[in-house]
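Take a walk through this structure with me. We will go from one chain to the next and finish at the metals.

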Amino acid sequence: MRSRNLSWLLLGVLFSSSTWAESSINLTEGVTGVSHDVYDLHMLVLYICTVIGLVVFGAMFWSMFFHRKSKGHVAATFHESTKVEILWTVIPIFILLAMAIPATNTLIAIENNDNSELTIQITGSQWKWHYSYFDQDLDYFSVLSTPRAQWDNLSGPGEEKGENYLLEVDKPLVIPINRKVRFLITSDDVIHSWWVPAFAVKQDAVPGFINEAWTNVDEPGVYRGQCAELCGKDHGYMPIVVTALPENEFDAWLKEQKVAAIAAAEAEKASLAERMTMEELMTLGESTYVASCAACHQANGAGFPPSFPALKGSPIALGDVSKHIDIVVNGKSGTGMQAFGKQLTLKQLAAVITYERNAWGNNTGDVVQTADVKAATGK
Amino acid sequence: MTTSTTDMAHDDHGYMATGIKRWLFTTNHKDIGTMYLWFAFIMFLTGGSMAMVIRAELFQPGLQIVNPDFFNQLTTVHGLIMVFGAIMPAFTGLANWMIPMMIGAPDMALPRLNNWSFWILPFAFTILLSSFFLGGAPNFGWTFYAPLSTTYSNGSTAFFVFAVHIMGISSIMGAINVIVTIMNLRAPGMTYMKMPLFVWTFFITAYLLIAVMPVLAGVVTMLLTDTYFGTSFFDASGGGDPVMFQHIFWFFGHPEVYIMILPAFGIVSTTIPTFSRKKLFGYSSMVYATSSIAFLSFIVWAHHMFTTGMPLIGELFFMYCTLLIAVPTGVKVFNWMATMWRGSISFEVPMMFSIAFVILFTIGGFSGLMLAMAPVDFQYHDTYFVVAHFHYVLVTGSLFSIYAAAYYWLPKWTGHMFNETLAKAHFWCSLISVNLLFFPMHFLGLAGMPRRIPDYALQFADFNMWVSIGGFAFGLSQLIFLAVVIKCIRGGEKAPAKPWDGAEGLEWTVPSPAPYHTFSTPPKID
Ligand code: HEM
Ligand SMILES: [Cu+2]
Ligand SMILES: [Cu+2]
């Protein structure tokens with residue numbers, strides 16, 4: 001009776017496994033040739049393992065039910081058989097060959113980085129991604145856009161979480177479909193890993209080295225992924241979003257970006273002549289600080305020493321202005337302090353420095369203008 | 001080789017200090033084994049309580065309990081404690097207790113070294129744990145990848161490095177002791193191929209330890225100098241290579257995972273024949289399979305590094321070698337299956353844990369096989385799928401085998417039978433909760449949840465809640481074990497010299513509890 005129930009149970013497990021493909025408990029099939037191959041390999045091994053498991057566990061359960069002492073079963077005395085031993089050494093080797101051959105083919109395809117039509121350099125840093133399009137004069141940072149109020153429930157219930165909670169960014173990577181896009185992946189600080197499951201691309205971003213990967217997307221859409229290598233405190237907060245556009249839309253998007261870049265450069269130039277009031281600087285400074293600096297130095301300026309120093313009462317924030325400008329613009333290599341000169345506009349830099357020198361009781365009264373930043377750094 | 005050893009133990013023969021001195025100065029393998037086992041259990045509860053906080057934080061999306069940096073400290077120290085503080089010392093404890101009794105030796109060959117290798121361990125873990133109160137514990141993962149653990153570390157690197165050095169010294173000394181004991185103190189007539197498989201697996205494990213612990217010591221020292229003395233072994237801007245760190249670490253790390261499973265193979269190869277009342281199937285093929293696993297474990301390390309940008313040829317080599325490990329591992333599983341086949345099986349608690357071991361460890365082996373496929377590993381790597389894999393092999397593998405061993409030999413150690421009802425409750429609660437805890441992690445990983453994150457997207461919420469519930473239940477279930485052991489030490493039905501009718505081996509020829517000194521004159525094996 002009991003063994004009957006058990007076989008129903010096993011059947012049930014087997015049946016439900018045939019529905020795995022659709023639901024979110026299985027690997028995604030993805031939207032590229034490679035991701036489909038990878039999915040097929042995954043299913044192949046899964047089925048092989050299921051069958052082996054059924055045989056081995058079946059035999060074990062069989063002996064547990066029929067060869068038990070309580071049923072009066074007397075133990076046999078055999079304890080070796082060269083024939084059987086050879087059999088269960090050789091058969092697995094053939095099964096492994098059946099797995100290794102398609103895996104080898106897929107791997108060769110994955111590692112073939114030739115003939116790409118577009119190259120994008122991806123640079124990880126704590127905790128954002130930087131995308132730079134080769135030969136296009138286009139580059140930008142991409143950071144988590146889920147507001148802190150949604151994820152920080154430490155001091156209260158927090159805001160309701162949105163649909164793409166923790167998987168949304170301010171500026172996604174944009175790529176064309178049906179073109180082979182090559183990624184050159186590296187890092188500015190610690191090791192990160194750029195992973196988009198729908199492309200079956202996961203490649204480590206190693207500081208000082210450049211790794212290659214590529215994809216060729218079949219369908220337009222928005223694809224989401226996350227950093228996959230522990231990279232410090234906010235490792236869980238550096239998602240990846242890729243928008244794949246049809247070719248013509250992609251080309252139009254590129255043009256748009258160029259127009260926007262020119263406009264930004266002009267605004268930057270114009271800002272040099274501008275003199276902002278303390279109040280304006282503090283307002284812009286605060287928002288810039290929260291967006292770019294608070295992850296490490298905390299909103300209240302207390303930091304997380306010893307990893308990330310406090311700015312409240314810091315000798316640099318209270319001391320020589322040029323040193324302060326220098327560390328914010330050029331960063332400090334070998335630490336988490338990045339060169340924000342590349343990431344922020346002159347206006348934001350001036351504002352954030354002013355803010356740090358006057359917030360949280362750092363009452364220096366210093367006002368740093370755009371032109372001061374420019375003069376101090378030659379940016 | 002197998003000289004008579006009566007004269008070796010004469011100076012403390014029959015003498016047993018009392019009180020704290022007994023434990024501080026003891027050179028008795030049984031005392032030291034007991035201390036190792038208690039230490040391992042305390043560490044298991046310590047690491048376990050960290051896991052409870054981790055699972056509480058992951059119960060729901062959003063940050064509820066801890067901040068991300070403390071979360072990283074918890075996962076890191078949880079991993080370090082479970083690997084170096086719980087599983088490894090528990091196995092060393094079993095080795096200490098059982099190897100001399102199984103080979104008919106009066107004690108371990110190097111008893112003072114034995115004392116020393118235990119007593120430095122508490123210091124190692126005090127150093128490691130004290131870092132929580134001294135500026136923050138290690139937060140770079142138990143794999144401590146550079147440069148996160150060097151230039152970007154939170155100041156805990158020195159604590160970490162010194163703690164690991166001490167653990168390493170302890171392990172190496174323990175391993176030397178095991179090897180010397182087995183080579184020199186076997187009772188006359190016990191040839192290598194007559195040794196219990198338990199002894200064989202510890203013998204091979206000890207060689208693995210001696211081979212790779214110095215590599216670990218080397219790599220943490222390089223970490224130390226990179227962090228504090230300006231070297232750049234792993235810093236590209238100084239001509240070093242962060243990926244080099246991973247190669248050295250995993251050259252230690254992969255054999256390390258076999259250090260944590262080969263003894264488990266030895267344990268279930270002892271218990272399954274006992275409760276099947278049938279000799280172990282394929283003894284010699286078990287020995288050869290264990291040796292080939294040990295050998296192969298040195299040439300598969302980079303399967304942890306498929307995404308680091310290795311050349312194609314390297315990826316292929318490591319994929320093929322890793323797949324090959326499945327062959328000897330399969331042989332072992334088939335042999336256990338064949339041992340049970342047409343036996344006369346009964347289900348005492350050690351047998352229940354052993355059967356659960358075989359089935360659940362094999363599930364971990366299956367996911368290992370999947371991970372070995374380099375192209376698919378690009379999807380699995382660093383997700384919860386890997387977390388599921390190594391918890392199946394380590395928790396339902398190594399830990400379950402340790403429970404099997406503990407229940408198997410508790411009567412010998414304490415002289416009492418344990419409370420079977422409680423022990424069965426421990427088994428069933430553990431079995432059900434452990435699968436609720438770890439099985440859905442496969443789904444989470446496949447659906448795309450990375451590991452080592454304190455918060456996650458909403459589509460992962462349901463399974464995480466199940467996993468956390470399983471986690472709390474599993475954690476609580478382990479307290480039942482504590483109750484069983486304490487009750488068993490305090491009293492209970494008197495255990496005969498051989499409480500399991502199908503058991504074989506020299507340890508069952510001495511009374512229960514085993515006298516303080518056994519085999520002062522070696523038994524004769526024919
Ligand atoms: C059939 C045998 C096995 C195979 C083929 C296998 C394969 C693998 C592979 C390929 C990985 C890397 C996954 C990744 O990071 O992408 C891995 C991870 C791991 N395996 Fe296994 N494995 C096997 C058995 C074991 C055993 C017996 C243990 C320990 C008792 C073990 C413990 C681990 C651990 C701890 C990790 C994770 C390390 C980390 O990244 O933190 N494995 N295994
Ligand atoms: Cu990361
Ligand atoms: Cu490995």
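How far apart do the C-alpha centres of domain 1 of chain A and domain 3 of chain A lie? The answer is 56 Å. Keep in mind that this is a predicted model.

Start with how chain A is divided. Domain 1 covers 12-68 + 81-111. Domain 2 takes in 118-155 + 164-261. Domain 3 runs over 272-377. Domains 1 and 2 are thus each written as two segments, while domain 3 is written as one.

Next, ask how far chain A can be trusted. Its mean pLDDT is 89, and 93% of its residues reach 70 or more. One stretch stands apart. Over residues 1-23 of chain A, pLDDT stays under 50. For this stretch the model has 10 contacts beyond four places in sequence. Where pLDDT is low, the predicted coordinates should not be read in detail.

Now turn to chain B. Its secondary structure comes to 16 helices and zero strands. The radius of gyration of chain B is 23 Å, close to the 24 Å that the globule rule gives for 526 residues, so chain B is as compact as a globular protein of that length. Along its principal axes, the C-alpha trace of chain B spans about 65 × 50 × 45 Å.

What about the inside of chain B? Of its 526 residues, 67% are buried. Look also at its contacts with a separation of 6 or more: 83% of them join residues 24 or more positions apart. On the outside, chain B exposes about 16,500 Å². Carbon and sulfur atoms supply 72% of that area.

The metals come last. Which residues coordinate the copper ion (ligand 3)? They are His254(B) through ND1, His303(B) through NE2 and His304(B) through NE2. The distances are 1.8 to 2.0 Å. Along the chain, these donors follow the spacing H-x48-H-H. Is His303(B) buried or exposed? His303(B) counts as buried, because its relative accessibility is 13%, and the cut-off for buried is under 20%.

The iron atom of ligand 1 has a single protein donor, His389(B). Its NE2 atom sits at 2.2 Å. His389(B) lies in helix H14 of chain B, which covers residues 384-414. Finally, put the two metals together: the copper ion (ligand 3) and the iron atom of ligand 1 are 4.6 Å apart.

Conventions. Residues numbered from 1 in each chain as written. Chains lettered and ligands numbered in written order. Predicted model: local features only at pLDDT ≥ 70, side-chain atom pairs only at ≥ 80, totals over all residues. Heavy atoms only, no water. pLDDT = per-residue confidence, 0-100. Contact = heavy atoms within 4.5 Å. Donors = N, O, S within 2.8 Å, 3.2 Å for Na, K, Ca; no water. Buried < 20%, exposed > 50% of the residue type's maximum accessible area, 1.4 Å probe, protein only. Helix = DSSP H or I, 4+ residues; strand = E, 2+ residues; numbered from the N terminus. Rg over C-alpha atoms; globule rule 2.2 N^0.38 Å. Areas by Shrake-Rupley, 256 points an atom, 1.4 Å probe, with all protein chains shown as cover. Domains from an automatic or database assignment.
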